[in-house]
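Subject: Structure handover and notes

Dear colleague,

I am passing on the structure we talked about, so that you can open it and read along with the notes below. Please keep the sequence and the 3D view side by side as you go through them.

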Amino acid sequence: MQEILIVEDESKIARFVSLELTHEGYKTTCVADGREALDLGLERDFDLIILDVMLPSLNGIEVLRRLRQSKDTPVIILTARDAVVDKVSGLDLGANDYMTKPFAIEELLARIRVALKRKTTGKAETYQFGKLKVDVGSVTAVYGSEKIELTKREFDLLVYLLENRNVVVTREQALDAVWGYDFYGNTNVVDVYIRYLRSKIDDVYKIDMIETVRGSGYVIRG
Ligand code: CA
């Protein structure tokens, strides 16, 4: 499971972001102080850090500058509206992206996905199935020229099936790969998400992409 450090001294924002990320399947740690954030960021290997700029004891730009002396953890900085200087110095110092407050949580989630995919794959991967094109780097799925709206789980499950093309994937494997070992869920959740994917892709475009293999799992063939 991917772990994200949230550095934000406004407790309402920190709590909200943490809840949303947990809901999306990430593990989160929250810190409200710059110095504490730097110590923790250096000590541990987070998959990503969300870093507010205006912080007590050490500002976010300074945290980032010192962190970058020894770590390349992806960082998304949160800046106040119109704080152009923060954006520029943040990106100069190696922030992967920035968000201006107030922001829509969906936007932050999308940027997190991109930053994490870049980190894990190092390059943009694409998959194709007929007219369906899936771009892991930009986290998009299109059918022809039509964009398919997928949640993170749906997208990850689809990518997992495409990665394992022509190989039957069991529910347990899908659960481990997409939901993570920390997820103590029932494997039925995989069936539910397969249904979501089919309703958004197979049913809409009248294709039989995801095949059920009775007693085993699922496969995309071809
Ligand atoms: Ca702040």
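Arg-171 forms a salt bridge with Asp-191, and in this predicted model their closest N and O atoms are 2.7 Å apart. This pair links distant parts of the chain, since Arg-171 sits in helix α7 and Asp-191 in helix α8, 20 residues apart. The two partners can also be described by how much of their area is accessible: Arg-171 is partly exposed, with a relative accessible area of 21%, whereas Asp-191, at 16%, counts as buried because the cut-off for buried is under 20%. Salt bridges that share partners also occur here, and they join Glu-8, Glu-10, Asp-52 and Lys-101 into one network.

A search of the whole structure finds 14 salt bridges, and two further examples may help you to see how such pairs can be placed. As background, side chains of opposite charge can pair when their charged atoms come close. Asp-97 forms a salt bridge with Arg-111, where the closest N and O atoms are 2.9 Å apart. Asp-97 belongs to strand β5 (residues 97–100) and Arg-111 to helix α5, so this pair ties together parts that are 14 residues apart in sequence. Arg-111 itself is partly exposed, at 25% relative accessibility.

The other example lies within a single helix: Glu-62 forms a salt bridge with Arg-65, with 2.6 Å between the closest N and O atoms. Because Glu-62 and Arg-65 are three residues apart in helix α3, they are separated by about one helical turn. Glu-62 is partly exposed, with a relative accessible area of 21%, and Arg-65 is likewise partly exposed, with a value of 37%.

Next come the aromatic rings. The structure holds three aromatic pairs. One of these is formed by Tyr-143 and Tyr-205, which are stacked, with 3.9 Å from centre to centre and 15° between the planes. The word stacked applies here because the planes are under 30 degrees apart. Tyr-143 lies in strand β8 (residues 140–143) and Tyr-205 in helix α8 (residues 188–205), so the pair ties together parts that are 62 residues apart in sequence. Both Tyr-143 and Tyr-205 are buried.

Trp-179 and Tyr-193 form another aromatic pair, and this one is edge-to-face, with 5.3 Å from centre to centre and 75° between the planes. Trp-179 is in helix α7 (residues 171–179) and Tyr-193 is in helix α8, 14 residues apart, and the pair thus links distant parts of the chain. Trp-179 counts as buried at 4% relative accessibility, and Tyr-193 is buried as well, with a relative accessible area of 18%. If you look around these two rings, you will find that ring pairs link Trp-179, Tyr-193 and Tyr-196 into a cluster.

Which residues coordinate the calcium ion? The donors come from Asp-9 (OD), Asp-52 (OD) and Met-54 (O), at 2.1 to 2.3 Å. Along the chain these donors follow the spacing D-x42-D-x1-M. Asp-9 lies in the loop between β1 (3–7) and α1 (11–23), and Met-54 lies in the loop between β3 (48–52) and α3 (60–67), so the pair ties together parts that are 45 residues apart in sequence. Asp-9 is partly exposed, with a relative accessible area of 34%, while Met-54 counts as exposed, at 60% relative accessibility. You have already met Asp-52 above, as a member of the salt-bridge network with Glu-8, Glu-10 and Lys-101.

The last topic is a pocket. Rolling a probe the size of a water molecule over the atoms shows where empty space is left. About 200 Å³ of space lies in the second largest pocket. Of the 13 residues that line this pocket, the closest to its centre are Arg-113, Val-139, Lys-147, Glu-149 and Leu-150. The elements that give two or more residues to its lining are α5 (105–121), β8 and β9 (146–148), and α5 gives the most, with three residues. Sorted by class, the lining has seven nonpolar, three polar and three charged residues.

With best wishes

How values were computed
Residues are numbered from 1 along each chain as its sequence is written. This is a predicted model: local features need pLDDT of at least 70, side-chain atom pairs count only at pLDDT 80 or more; totals for chains, interfaces and linings use all residues. Side-chain values use heavy atoms; hydrogens and water are left out. Rings of Phe, Tyr and Trp (its six-membered ring) pair if their centres lie within 6.5 Å; planes under 30 degrees apart count as stacked, over 60 as edge-to-face and the rest as tilted. Helices (H or I, at least four residues) and strands (E, at least two) are DSSP runs, numbered from the N terminus. Buried means under 20% relative accessible area, exposed over 50%, partly exposed in between (1.4 Å probe, protein chains only). Donors are N, O and S atoms within 2.8 Å of the metal (3.2 Å for Na, K and Ca); water is not among the atoms, so sites may look incomplete. On a 1 Å grid over the protein atoms alone, a cavity is a set of points where a 1.4 Å probe fits but cannot get out, and a pocket is an open set with protein on both sides within 12 Å along at least five of seven lines; lining residues have an atom within 4 Å of a point. Grid points are joined across faces, edges and corners, and a volume is the space filled by probe spheres set on the points. Ala, Val, Leu, Ile, Met, Phe, Trp, Tyr, Cys and Pro count as nonpolar, Asp, Glu, Lys and Arg as charged, and the others, Gly among them, as polar. A salt bridge is a side-chain nitrogen of Lys or Arg within 4 Å of a carboxyl oxygen of Asp or Glu.
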